[in-house]
Amino acid sequence: MSKPAGFSQRCLHYAFDYQTPKTLVIPDIGVGCVFRFGQLLVLLYVVGYVCVVRKAYQETDSVISSVTTKVKGFAFTNTTDMDPRFWDVADYVIPSQGDNSFFVITNMVVTPNQTQSRCPEVPNPSTTCMDDCDCIEGHSDPRGNGIQTGLCENYSTTAKTCEVLSWCPLEIDTKLPEHALLASAENFTVLIKNSITYPKFNVHRRNILPHINSSYLKRCEFNRATDPDCPIFRLKNIVSEAGEDFKTCWIMDDLYCMFLKGGVLGIIIDWSCDLDWWAGKCYPKYSFRRLDSKHPVNNVAPGYNFRFAKYYKTQDGEETRTLIKAYGIRFDVIVFGTAGKFGIVPTIVNLGAALSILRLIPVVTDWFMLTCMRKRDRYRKQKVTNLNEDAETESVSGTSYGTH
Amino acid sequence: MSKPAGFSQRCLHYAFDYQTPKTLVIPDIGVGCVFRFGQLLVLLYVVGYVCVVRKAYQETDSVISSVTTKVKGFAFTNTTDMDPRFWDVADYVIPSQGDNSFFVITNMVVTPNQTQSRCPEVPNPSTTCMDDCDCIEGHSDPRGNGIQTGLCENYSTTAKTCEVLSWCPLEIDTKLPEHALLASAENFTVLIKNSITYPKFNVHRRNILPHINSSYLKRCEFNRATDPDCPIFRLKNIVSEAGEDFKTCWIMDDLYCMFLKGGVLGIIIDWSCDLDWWAGKCYPKYSFRRLDSKHPVNNVAPGYNFRFAKYYKTQDGEETRTLIKAYGIRFDVIVFGTAGKFGIVPTIVNLGAALSILRLIPVVTDWFMLTCMRKRDRYRKQKVTNLNEDAETESVSGTSYGTH
Amino acid sequence: MSKPAGFSQRCLHYAFDYQTPKTLVIPDIGVGCVFRFGQLLVLLYVVGYVCVVRKAYQETDSVISSVTTKVKGFAFTNTTDMDPRFWDVADYVIPSQGDNSFFVITNMVVTPNQTQSRCPEVPNPSTTCMDDCDCIEGHSDPRGNGIQTGLCENYSTTAKTCEVLSWCPLEIDTKLPEHALLASAENFTVLIKNSITYPKFNVHRRNILPHINSSYLKRCEFNRATDPDCPIFRLKNIVSEAGEDFKTCWIMDDLYCMFLKGGVLGIIIDWSCDLDWWAGKCYPKYSFRRLDSKHPVNNVAPGYNFRFAKYYKTQDGEETRTLIKAYGIRFDVIVFGTAGKFGIVPTIVNLGAALSILRLIPVVTDWFMLTCMRKRDRYRKQKVTNLNEDAETESVSGTSYGTH
């Protein structure tokens, strides 16, 4: 052979010679069983757990959601504190726009006809005074209701308190109505329209499913057993599914009663989908949970309330307002979910990992064969060649290599 | 050798003896080609699909976003129902604060001067009556507008309906203005300021890109072709990019026309970024989509509207309100995105998986070699040693092992 | 042996014969060291980086969050523009409901007693006119404030501008109060209640930690050093932790001063949790960041403001409004986080990948052994059998195979 030919030949050999390990077949049913059993275990894990249970072969995407809500219902109140009054959606839903969070007033402390003026503070240890010296002009107590004028005035026949500059008369929020004012709120209904997108898979869904028609939507009401797809929820049902109880509210004057003291309820919509099968199989699952803890051991700051005001102008242009401390239930529509769809990368990754584990089986079987089997020494002799020993006999074996 | 020395020697041997498989080189171009072709395929998958297409070597993070919006524009209405009226942002944007969701009124049913009083119901099958016996005092029909007083009153000269206690006069929302009241809304513009963070990579971005200066921002308007980075959007363009059409609205009195009946439009900002290259290459991509379905086969509950009220007090302290049923377009600014950056763990995982797959190639090649090749028997003899055969000749080979 | 027995035997052999590679033990401390060192490196990566640093053996889930906020504090203003006025929560927090985004007014331009009428435009190059010919009836300039009536009127003794139909008098927002009106806003406090869920792990947490009791909650205030768990924040501290400075605002009339011109501040709550250890070890970490850039090179569109109106009715039923252009700080409560918990699939995936990499070590060591070692030729001879050579000696070795 000429040299260049030899070189290109060497390259070809280098590129296309196939190097394969020499193997030894051991016809031992014990070792074979260990080996096959190990393989079976790994296979079971891959097929059973990774594929069926975990669906690890799927790529995932998170949901993007848009929610609109619309509350319906009205109430009538007739208490000693207020005039008889009819309430509709525009009165008791705040903010009026149905976002993914809406609030229904159930109780309130109303302070009408407040004006910018001066009045004595509500009595409490830090506001009571004997004379003007106890009150500092310009001082504003963070726990108080206004800026002190420096005067000490009669709050009632028995109490004197510092006068403050504020919206007067001051709100007295200690005497909260004992019975929720808008008890009928439990019978209000809310229509939740939810539109979701999985951007990676370009999948769009609504919670008004294809089989729902207008006439059904007009009369239906969500019920986990009979109408699980109806997007209209009665507040009473939401509250009771969340584990709260109305009855106890009316009977025991419960401090943590949601209708008296307010609370935050989550309307949780789970859009977890498996998009590998016919994509229509992607339904919302509703659940309800109270989000502000009423746990007896960690019950600090329960309830939910906020203040807002309606502003008016009197004939002579003076601004007055009606301050409302509103207690009620805030409903947070929380949408979450993960969609999965077959993806090559996760499949390869999980397959590769399983193959790697599968390759541990021969290692384990070898160890078992070479330590636990009766014929281990014979197996070892056949499987493992010790270079040292060979070296001793190299002169002998060397002859055969020496022939080329 | 003394025993302790032998023990430590054995340990050393155990730790540092290197056990390597004996291999057989097969200079067969067919087998070699199968082997190399298999390797090439896996390599192509790894480099091409995993690295270039999927960027599976990257760690990912989800976007955290904050949005402010500001609508600009005014309108003038002069219809038979209402006095001529000028509308500005404070009038038609609700809520006034520019959050990631804003609503522009385009049509409305206004019921002014409502007071808490009594009036006959709006006629419909369940409210018409012949005499007082048909009306039950205290009854409140969920589809009605108030609490029945038990009287049957003349609604008009032809119809008698039950009297209710409610905010009177009642709203008549059946005669919706045929032409969207605020048709000029299509010319309003909205400035969207969006600030995002990828917390894992500590990357912060705004949608007002570095190359945008104040003077450009004052005059620009988003246009996919000419001004793709301008964060000021004309509502008309958003609506038409979302596949809705204004013209058809005016011509055919379309039930699903967005400007008449309202709707929800998504302004979708995609912040997907590849942070491996110079990080500045991370731009927002805008797209627009109608979120409430107007699909002809699943057209239940289209549109978007809600009721709100403005409260006034008359001279004698009585509360009146103007009830507004507002139809309009709610714009939801939806920000999503995933940033990717080179990460060691995903790289190793994908590399490991690819190596695992790569190790399948010899298995396949061996199978090919031992079953499909012409010289398969010769290859098998050389590659595979059967312990049984050896056992028969053990007496012979045993002699050589017996020397040590 | 009978044929059927031979067939079933073959099957059994096929299934349970164990094929193991023949190996060569090389008692070379150099090669052994390379091998062990490689293994050590991979092991260190797996244990150190993958397990300890990255916790790649964990499954992850994203947080679902619900936030309520409640601002406390009041202010008193006494400027030349306005009457002395007392401000409380209902006045300065918009919207009144404490959502995950709340706005505190710090400065404003108030335009009271606006009515639907006609008035001359605010002078600027495009609105000034000489006579009626310069004004087009029905024209509405997007930069103007209303629809032109076609008349040219005296705005002041020196300027004539086109008359417009609008809410008059027009707002003049160029003379923004130089000192933030509600400077006391810095002393307001906000209570943030945050309730989170990791749905995959069914873990619920609140930011009011178990060890916080009612009395502590009444007096505490967040302080990174002394009270890191208190969920009550003083606005001053939030702003200063976000890197803004109040002092400079008052001294230099800073264009970018947050209290004068408004801004958006993120209250970022990081709920990253490791749920493998006792699950209680899952605390919120608070941080604060300004979200609207005030970066000197990219300072376009700084600040944050919006307009809203309070509507009144005069005695004779005419609607008037007070337009307020509110500057202030919008606080966005941004909750993010990832929880991790031991999962079999990610563990297997990472283990498999590590094993795959581990299997690269023999390849490297073999290469090192067969190219760099002194005895490389001897090692090669022992390890690698070249089929060709054997073929030459096949007649010889063939004899032994020929015996069966």
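Trainee: Let's start with the copies. What rotation superposes chain A on chain B?
Mentor: Happy to begin there, and keep in mind that this is a predicted model. Chain A lands on chain B with an RMSD of 0.1 Å, and the shift along the axis is 0.1 Å. The two copies are thus related as by a three-fold rotation axis. The rotation asked for is 120 degrees.

Trainee: How are α9(A) and α10(A) oriented to each other?
Mentor: Helix α9 of chain A covers residues 360–371, and helix α10 of chain A covers residues 376–383. Their axes come within 7 Å and cross at roughly 125 degrees. An angle between 115 and 145 degrees falls outside the parallel, perpendicular and antiparallel ranges. That crossing therefore makes α9(A) and α10(A) oblique.

Trainee: Which residues of α10(A) make that contact, and how many residues of the contact are charged?
Mentor: From α9(A) come A:Asp366, A:Met369, A:Leu370 and A:Thr371. Facing them, α10(A) supplies A:Arg376, A:Tyr379, A:Arg380 and A:Lys383. By type, the contact has three nonpolar residues and one polar, and the charged ones number four.

Trainee: Over in chain B, which residues of α9(B) touch α10(B)?
Mentor: Helix α9 of chain B spans residues 360–372, and its axis crosses that of α10(B) at roughly 125 degrees. On the α10(B) side, the contact uses B:Arg376, B:Tyr379, B:Arg380 and B:Lys383. The contact divides into four nonpolar, one polar and four charged residues. The α9(B) residues are B:Asp366, B:Met369, B:Leu370, B:Thr371 and B:Cys372.

Trainee: Which residues touch the most other members of the largest nonpolar core?
Mentor: As a general backdrop, nonpolar side chains tend to be buried together in soluble globular proteins. Here the largest nonpolar core has 69 residues. Those touching the most other members are A:Met369, A:Tyr379, B:Met369, B:Tyr379, C:Met369 and C:Tyr379.

Trainee: Which residues of chain B does C:Met369 contact, leaving aside neighbours within four places in sequence?
Mentor: Within chain C, C:Met369 is in contact with C:Ile26, C:Val31, C:Arg376, C:Tyr379 and C:Lys383. Its contacts also reach into chain B, at B:Tyr18 and B:Thr20.

Trainee: Is A:Cys129 buried or exposed?
Mentor: A:Cys129 sits in the loop between β8 (101–120) and β9 (147–154) of chain A. Not counting residues up to four places away in sequence, A:Cys129 touches A:Asp134, A:Cys135, A:Cys152, A:Lys160, A:Thr161 and A:Cys162. Its relative accessible area is 6%, and the cut-off is under 20%, so A:Cys129 is buried.

Trainee: How many Å lie between A:Cys129 and A:Glu244 in space?
Mentor: Along the sequence, A:Cys129 and A:Glu244 are 115 residues apart. In space, C-alpha to C-alpha, the separation is 44 Å.

Methods:
Residues numbered from 1 in each chain as written. Chains lettered and ligands numbered in written order. Predicted model: local features only at pLDDT ≥ 70, side-chain atom pairs only at ≥ 80, totals over all residues. Heavy atoms only, no water. Axes fitted to C-alpha atoms, helices over the stretch in contact; angles between N-to-C directions. Helix = DSSP H or I, 4+ residues; strand = E, 2+ residues; numbered from the N terminus. Contact = heavy atoms within 4.5 Å. Nonpolar A, V, L, I, M, F, W, Y, C, P; charged D, E, K, R; others polar. Core = buried A, V, L, I, M, F, W, Y, C linked by side-chain atoms within 4.5 Å. Buried < 20%, exposed > 50% of the residue type's maximum accessible area, 1.4 Å probe, protein only. Least-squares fit on C-alpha atoms with pLDDT ≥ 70 in both. Parallel < 35°, antiparallel > 145°, perpendicular 65-115°, else oblique.
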